[in-house]
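Good morning, and thank you for joining this group meeting. I shall speak briefly about one structure, which is shown here.

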Amino acid sequence: MPRVSAAFFMTGAILLGLGMCWGIVMAVSQNFALAPEHAHLNLLGWVTMAIYGTFYALTRESYSPRLAWTNYICAALGVVIMIPSLAVMLSTGNTALEPLVGIGSLLSLVALLVFAVSAFRELKRSRL
């Protein structure tokens with residue numbers, strides 16, 4: 001497995017663990033006000049990271065390491081910036097965090113676009 005795939009899976013596992021702990025805290029407290037943010041953490045932090053990691057593992061002979069690591073950095077930073085900022089902003093009403101939420105969201109979008117370029121390169125790659 002390429003190192004970038006392992007990085008995606010390791011980061012995804014850490015974020016999933018955080019998401020599971022967050023879910024347990026919500027369940028124990030019976031306070032589900034931040035359930036959408038919890039869902040975003042699990043989807044962007046685990047599902048999306050796992051999909052990206054799987055793609056690069058499956059294309060290990062042909063992927064661009066530069067694009068893959070750019071994808072990883074943008075995806076990881078996007079989640080780490082967006083989710084906590086969004087949770088704090090919505091739970092406190094502190095709209096000063098909106099720029100951070102926007103930056104995290106844009107990084108997540110850039111990660112998707114980089115992934116799309118990687119997938120397109122794989123689609124166009126000549127096969128034997």
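Let us begin with the interior. The largest nonpolar core has 29 residues, and those touching the most other members are Val4, Phe8, Trp22, Tyr52 and Tyr56. A nonpolar core is a set of buried Ala, Val, Leu, Ile, Met, Phe, Trp, Tyr and Cys residues joined through side-chain atoms within 4.5 Å; buried means under 20% relative accessible area, exposed over 50%, and partly exposed in between, with a 1.4 Å probe and protein chains only. At least two residues of this core come from each of helix 1, helix 2, helix 3 and helix 4 (98–124). Helix 3 gives the most, with 11 residues. Helices here are DSSP runs of H or I with at least four residues, numbered from the N terminus.

I must add that this is a predicted model: local features need pLDDT of at least 70, side-chain atom pairs count only at pLDDT 80 or more, and totals for chains, interfaces and linings use all residues. Residues are numbered from 1 along each chain as its sequence is written, and side-chain values use heavy atoms, leaving out hydrogens and water.

What is tyrosine 56 in contact with, leaving aside its neighbours within four places in sequence? The partners are Pro2, Val4, Ser5, Phe8, Tyr63, Leu67, Ala68, Asn71, Phe115 and Ser118, where contact means heavy atoms within 4.5 Å.

Finally, consider a loop. Glutamine 30 lies between helix 1 (3–29) and helix 2. Its phi is near 55 degrees, a positive value in a residue other than glycine. Glutamine 30 is exposed, with a relative accessible area of 59%.
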